[in-house]
Protein chains: 2
Amino acid sequence: MTLSAQPAVPHLSGERFRVRYLIRAAEADARALAETICNEQTVEFPEAALPAGAIRDQVMGRVENFVSREAALHEALISYPVESAGSDLLQLLNVALGLSSLLAGVAVEELYLPPGMLSRFPGPRFGIEGLRALVGVQDRPLLCTALKPMGLTSENLADLAYRCARGGLDILKDDHGISDLLFSPFEERVTLIAAAVGKANAETGRSCLYAANISGPSDVAIKRARFAKEAGADALMILPALTGFELARTLAADDSIGLPILTHPSAAGGFVAGGMKSGFSHYAFYGTIPRLAGVDISVFANAGGRFPVTRDESYAAVAGCRAPLGELRPILPMIGGGMGIPRLPALREEFGHDSIFLIGGGLHTHSHDLDANIRAFLAGVGAS
Amino acid sequence: MTLSAQPAVPHLSGERFRVRYLIRAAEADARALAETICNEQTVEFPEAALPAGAIRDQVMGRVENFVSREAALHEALISYPVESAGSDLLQLLNVALGLSSLLAGVAVEELYLPPGMLSRFPGPRFGIEGLRALVGVQDRPLLCTALKPMGLTSENLADLAYRCARGGLDILKDDHGISDLLFSPFEERVTLIAAAVGKANAETGRSCLYAANISGPSDVAIKRARFAKEAGADALMILPALTGFELARTLAADDSIGLPILTHPSAAGGFVAGGMKSGFSHYAFYGTIPRLAGVDISVFANAGGRFPVTRDESYAAVAGCRAPLGELRPILPMIGGGMGIPRLPALREEFGHDSIFLIGGGLHTHSHDLDANIRAFLAGVGAS
């Protein structure tokens with residue numbers, strides 16, 4: 001033994017959280033992999049060299065259940081002591097996936113956190129109900145578009161925002177590719193767009209929201225968020241795969257900001273499991289985790305668009321946004337990708353009213369008349 | 001046209017950076033995908049609805065070269081205007097990969113940034129030369145281990161650190177799974193380990209470095225980094241897949257901290273391309289990008305360990321750490337995974353002297369005598 005035979009270990013509560021993994025491998029390999037994960041995600045230590053006692057018995061992960069779904073697809077329910085996840089969201093994700101993300105065919109399907117752990121996360125400030133109250137629309141899905149293309153000046157983008165807000169869209173967001181660029185510097189853009197949307201709202205009596213794209217190193221990002229709030233932006237968008245989810249949590253928890261948070265999946269491809277690709281399920285990555293981080297609107301790419309997403313994955317993303325999760329509010333999925341007007345009735349049927357449809361190119365290609373296109377999209381979601 | 005036919009666009013410099021993509025698809029599909037990427041990663045806008053002029057001609061990506069390596073493996077060299085990447089590292093990664101990460105079989109193989117763009121990134125503060133000067137070892141690869149397992153108290157970990165530093169290891173780091181836990185709260189642990197390593201160094205006359213694991217929301221992370229510096233830690237470790245690379249850049253650029261930065265691949269599986277999995281190459285993710293972020297030591301999992309990594313991928317990671325990159329310093333790859341003593345001579349041969357070998361379980365399983373194990377590892381890297 002290179003470690004003392006009986007190292008001191010603080011008393012553990014005995015409370016455990018559970019992670020349901022999907023493992024793609026033959027059964028014997030999947031069972032072995034589940035045992036590897038128990039070690040890898042906690043002690044990451046040769047079992048033979050672990051001293052007897054609490055570390056081996058309580059700190060390590062433990063396979064609570066193993067179910068074969070198919071010959072090469074198995075579920076392992078693994079529990080971990082709540083103490084292993086510390087108090088950071090980052091550490092929770094680190095224990096749930098961590099280095100196992102480098103393995104092949106391992107997906108974190110769902111996180112099950114006991115109430116005491118969930119209560120450490122205040123969660124979304126607004127959620128579905130709060131967002132609907134801000135927008136003032138109760139009875140239909142909401143419509144959003146991204147202000148683009150990259151290369152437009154801040155004035156161009158503000159003009160587009162004015163026309164979209166005036167035309168009746170519910171939410172406008174910066175394009176995820178438009179951060180602080182020569183074409184449209186952050187402060188200038190946010191100021192002009194917020195003013196343009198405010199002007200349109202004053203004219204229509206509606207409450208179209210504008211979400212500003214917050215990027216940069218974290219100290220810069222927090223300053224930008226404060227600036228956006230001052231300038232009159234109504235919500236904040238971040239790219240959690242590049243910023244980390246903790247930025248959402250920091251912004252959501254800041255009472256001096258107090259705006260809804262929207263997450264966008266740029267660079268998230270690798271975080272999301274699929275086939276032999278390890279990662280988080282759509283349910284966890286677009287639902288549970290954003291909610292733990294205090295996100296109010298979670299954007300994801302839908303099946304039937306240009307990305308290889310299955311219908312079941314889309315349903316899972318939406319379910320993750322709305323399913324019960326302790327006291328944490330349900331949130332609005334923002335469903336993007338291939339959003340043409342002919343698809344809207346079916347999408348309403350599939351995803352239900354508590355959804356936001358993200359209109360992309362269709363807003364500019366349905367006809368040459370932007371106002372007419374907006375009206376057609378609004379009719380498609382049942383706006384009267 | 002829903003946009004004005006001739007939107008104002010600021011004058012572009014004409015300077016472009018290039019990204020070399022690997023695309024796994026049949027040739028016609030790969031060519032089409034390359035064109036899609038040009039649009040997706042910049043304007044993300046229907047081409048038919050783009051006005052003529054600078055946005056179409058200069059803002060969009062442009063396929064500069066297309067080479068078929070195999071029937072289903074092609075290289076596309078795509079250029080983007082330097083203005084599209086703004087000044088954030090985050091935005092550069094967003095343009096290089098962004099939503100294309102959701103596609104299948106697209107890898108960012110290499111980033112080629114013109115000198116003007118590279119000069120925005122001060123890069124590593126120490127690099128290979130600076131790190132070697134700190135450790136005081138010039139003529140052999142360095143040896144590091146992680147202090148673990150999770151569950152040990154801060155006193156246990158400090159005791160282990162003392163013995164490892166005393167025994168002659170060059171660098172000790174917190175385990176990536178040990179952040180701010182009940183077992184070993186951050187401030188207590190860092191204080192005790194830094195003191196233990198300092199005591200060992202005073203006794204041996206050597207300069208073993210201790211790298212503290214910095215996690216948490218960004219404001220907390222920065223506070224922890226300052227605390228670690230005050231407490232006598234010699235380096236800072238972060239998990240960029242969970243914190244974002246901008247945190248490394250923020251910490252590296254902070255003159256009041258001024259410590260080497262070490263990155264660890266926890267949760268990075270999805271960011272790293274492989275097979276049909278989209279992402280960054282090992283060269284980019286473990287080499288170029290950390291260096292842009294100011295990282296001095298980049299940990300990766302080597303071939304031959306427990307993760308499905310190829311030998312070529314390992315070589316690429318190492319090459320990315322050391323290849324010329326404008327004025328940015330070369331950095332030390334920290335090579336982990338399957339690091340047994342019998343492999344060391346071959347690994348020295350393969351990866352060269354400017355490497356750090358990360359000893360894992362082998363430190364505790366080679367024999368029951370920790371001191372003897374350290375001596376054997378040191379002999380394996382040619383320490384006299």
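The following legends describe close-up views of a predicted model.

**Figure 1. Symmetry relation of chain A and chain B.** A turn of 180° with a shift of 0.0 Å along the axis lays chain A on chain B, the RMSD being 0.0 Å. This is the relation of a two-fold axis. The contact residues recur in full, since 100% of those of chain A are found again in chain B, and the same surface therefore serves both copies. Within chain A, the residue that comes closest to the rotation axis is A:G270, whose C-alpha lies at 1.7 Å.

**Figure 2. Interface of chain A and chain B.** Chain A contributes 92 residues to the contact, and chain B contributes 92 residues. Between them the two chains bury about 7500 Å², of which 63% is on carbon and sulfur atoms. Eight salt bridges are found across the interface, whereas a search of the whole structure gives 43 over all chains. A salt bridge between A:R224 and B:D88 has its closest N and O atoms 3.3 Å apart.

**Figure 3. Salt bridge of A:E40 with B:R306.** The side chains of these two residues meet with an N to O distance of 2.5 Å. A:E40 belongs to helix α1 of chain A, while B:R306 sits in the loop between β11 and α12 (311-322) of chain B, so the pair joins two chains. A:E40 is buried, its relative accessible area being 5%. B:R306, in contrast, is partly exposed, with a relative accessible area of 40%.

**Figure 4. Open sheet of chain A.** Five strands of chain A form an open sheet with mixed pairing, in the order β2-β3-β1-β4-β10. The edges are occupied by β2 (62-70) and β10 (279-280) of chain A; each has a single partner strand, so one side of each is left without a neighbour in the sheet. Strands β1 (residues 16-23) and β4 (residues 106-112) of chain A pair in the antiparallel sense, and six bridges connect them. In this pairing A:L22 has A:A107 of β4(A) as its bridge partner. Helix α1 (residues 27-40) of chain A packs on the sheet and touches β1, β2, β3 (73-81) and β4 of chain A; the direction of the helix makes about 150° with that of β2(A). Helix α11 (residues 282-292) of chain A lies across β4 and β10 of chain A, and runs at about 35° to β4(A).

**Figure 5. Helix α5 of chain A and its surroundings.** Helix α5 spans residues 127-135 of chain A, and its buried residues are A:G127, A:I128, A:G130, A:L131, A:R132 and A:V135. The strands against which the buried residues of α5(A) pack are β5 (142-147), β6 (171-174), β7 (209-213), β11 (297-301) and β12 (332-336) of chain A, and helix α12 (311-322) of chain A also takes part in this packing. After α5(A) comes A:G136, which has a positive phi near 75°.

**Figure 6. Barrel of chain B.** In chain B, eight strands close into a barrel with parallel pairing, in the order β5-β6-β7-β8-β9-β11-β12-β13. From one strand to the next the twist averages 25°. Strand β9 (residues 261-263) and strand β11 (residues 297-301) of chain B pair in the parallel sense over two bridges. Here B:T263 has B:S298 of β11(B) as its bridge partner. Helix α6 (residues 154-167) of chain B packs on the sheet, where it touches β5 (142-147) and β6 (171-174) of chain B; its direction makes about 165° with that of β5(B).

**Figure 7. Salt bridge of B:R20 with B:E75.** The two side chains meet with an N to O distance of 3.4 Å. The pair links distant parts of the chain, for B:R20 is in strand β1 (residues 16-23) and B:E75 in strand β3 (residues 73-81) of chain B, 55 residues apart. Both B:R20 and B:E75 are buried.

**Figure 8. Salt bridge of B:E27 with B:R31 and a shared network.** The side chains of B:E27 and B:R31 meet at 2.9 Å, N to O. Both lie in helix α1 (residues 27-40) of chain B and are four residues apart, so about one helical turn separates them. B:E27 is partly exposed at 34% relative accessibility, and B:R31 is partly exposed with a relative accessible area of 41%. Elsewhere, salt bridges that share partners join A:E40, A:E44, B:K148, B:D175 and B:R306 into one network.

Notes: Residues numbered from 1 in each chain as written. Chains lettered and ligands numbered in written order. Predicted model: local features only at pLDDT ≥ 70, side-chain atom pairs only at ≥ 80, totals over all residues. Heavy atoms only, no water. Least-squares fit on C-alpha atoms with pLDDT ≥ 70 in both. Contact = heavy atoms within 4.5 Å. Pairing = 2+ DSSP bridges. Axes fitted to C-alpha atoms, helices over the stretch in contact; angles between N-to-C directions. Buried < 20%, exposed > 50% of the residue type's maximum accessible area, 1.4 Å probe, protein only. Buried area = accessible area lost by both parts, 1.4 Å probe. Salt bridge = Lys/Arg side-chain N within 4 Å of Asp/Glu carboxyl O.
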